[in-house]
Amino acid sequence: MKNILYQKQWNWKISGVALGITFLLAVLLIKPIGVSTQFVILDGIIWNSFSSELVIKDPAAVKGYSSQNAYLNKNGGKYARSVANPLNYSFIFVLAMVAGGLLAISLQSKETGNENRVAPKIWFDNFGRSSITRYVAVFGGGVLVIFGARLAGGCTSGHMMSGMMQTSLSGYLFAIAAFALAVPTAIFTFKKRR
Amino acid sequence: MEIILAIFLGLLFGFVLQKTGAANPQKIINMLRLKDLHLMKAIFFGIGLSSLLLFVLLGLGIAESGNLNVKTAYIGVIIGGGLLGIGWAVSGFCPGTAVVAAGAKRKDALFFILGGLVGAFIYMLMYSSIESTFLFDKIGGGKATLALTGIDNYPTLIPSIPAVFVAGTIGALFMFIAWKLPEKTT
């Protein structure tokens, strides 16, 4: 057991079982795992701190809150309510994921202390040593990924893993579309020019 | 209680994503280049196992169908999934793995998260102008599932076969694929 907690990376079988159990546990205990919505909620929290009229208490709304922003206002003000109450399940869940990542590397054996944390090796092999290039590309990637996830109504966690676990049509469609574009993009982008 | 669950499950999920290598962009990019299928094997196995167990537990009445949350299928799922795929391949991150990687002190993950906040903001501003377009035209009756969930407003695409067989067959197939895929290709 100790060994598993300290390993830098699990083999595919342990990884698969651990992923499966985690997604199952979440749906048994409360609800399916999802992440990308919380980017909207954090935006809302930031926006709301500049303009206090963004989200207001509204007894007429199904969820008790409404917003001048159509997206926050949809589903009876569901997102508006989360923006007004950041200490809700889904938002805390994502914050705890950050701590989970930190915990995992803190437990890991020290052999790889000085690993590069700016870009993966394959990035340097293709695009050189500049950190700026990597940061700009990753920023752009982030814009596309979350915009795409919001248009799709979920991301790799919510649609692909949780969705296919429940045999949702939307999960399979999402997974096929994501891989259909991701595979050629990755092959084309990382041709190892150097 | 909910908050305690959020902390426990979030910690667990973050820990697992880091240990599987999913929060390492090198592993994601090499999976998508079809060179290192370690993660693909893990994902197939994880989905297959959880799907099989979920429908067994639902069938036994141990799992509550009220906890399920099936998302609607519509045109935007496919287009959004494709856009996500492009950004995923270039950066090596998806929303969950970037959050975990930031916790694991990766600097590039912070720039991904900043970009993600901008992407979400653009979507929030655009939503009112796209909400009544074809992008939200439903596919397959909306919140459709292949296996019967027992929830009234979820249409089932394979209603005549018991759910545990449908989900079990798909789950077993996914685990079989996981087993058979090569770990590394050359």
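Which residues are buried in α3(A)? Keep that question in mind as you open this predicted model, and begin the tour by selecting helix α3 of chain A, residues 37–50.

**First stop: α3 of chain A**

This helix has 14 residues and reaches 21 Å from its first C-alpha to its last, which is close to the 20 Å expected at 1.5 Å a residue. Colour A:Thr37, A:Gln38, A:Phe39, A:Val40, A:Ile41, A:Leu42, A:Asp43, A:Gly44 and A:Asn48, and you will have the buried residues of α3(A) on display. Now show what surrounds them: within chain A, they pack against β1 (55–57), α4 (70–84), α5 (89–107) and α7 (131–152), and from chain B they meet α5 and α6.

**Second stop: the whole of chain B**

Select chain B next, and follow its seven helices, with zero strands, along the sequence. Its C-alpha atoms fill a box of roughly 50 × 45 × 40 Å, taken along the principal axes, and buried residues make up 55% of its 186 residues. If you consider contacts in chain B between residues at least 6 apart in sequence, 61% of them join residues at least 24 apart.

**Third stop: where the two chains touch**

Show both chains together, and look at the contact, which takes 106 residues from chain B and 102 residues from chain A. On the chain B side, the elements that give two or more residues are α1 (2–20), α2 (25–32), α3 (38–59), α4 (75–91), α5 (95–103), α6 (107–130) and α7 (163–180), and the largest share, 18 residues, comes from α6(B). Colouring this side of chain B by residue type will divide it into 65 nonpolar, 30 polar and 11 charged residues.

**Fourth stop: a pair of helices**

Narrow the selection to α5(A) and α1(B), which pack at an angle of about 40° with their axes 6 Å apart, so that α5(A) is oblique to α1(B). Turn the view until one helix lies over the other, and you can follow how α5(A) passes α1(B) in a right-handed crossing. The residues of this contact divide into 21 nonpolar, five polar and two charged.

**Last stop: B:Thr97**

Finally, select B:Thr97, which lies in helix α5 of chain B. Is this residue buried or exposed? B:Thr97 counts as buried because it has 33 C-beta neighbours inside 10 Å. Leaving aside its neighbours within four places in sequence, B:Thr97 is in contact with B:Leu17, B:Ala22 and B:Ala23. To end, draw a line from the C-alpha atom of B:Thr97 to that of B:Leu157, 60 residues apart along the chain, and the line will span 32 Å.

Definitions and conventions:
Residues numbered from 1 in each chain as written. Chains lettered and ligands numbered in written order. Predicted model: local features only at pLDDT ≥ 70, side-chain atom pairs only at ≥ 80, totals over all residues. Contact = placed C-beta atoms within 7 Å. Helix = DSSP H or I, 4+ residues; strand = E, 2+ residues; numbered from the N terminus. Nonpolar A, V, L, I, M, F, W, Y, C, P; charged D, E, K, R; others polar. Expected span 1.5 Å × (residues − 1). Buried ≥ 20, exposed ≤ 12 C-beta atoms within 10 Å, placed from the backbone. Axes fitted to C-alpha atoms, helices over the stretch in contact; angles between N-to-C directions. Parallel < 35°, antiparallel > 145°, perpendicular 65-115°, else oblique. Left-handed = near helix turned anticlockwise from the far one by under 90°.
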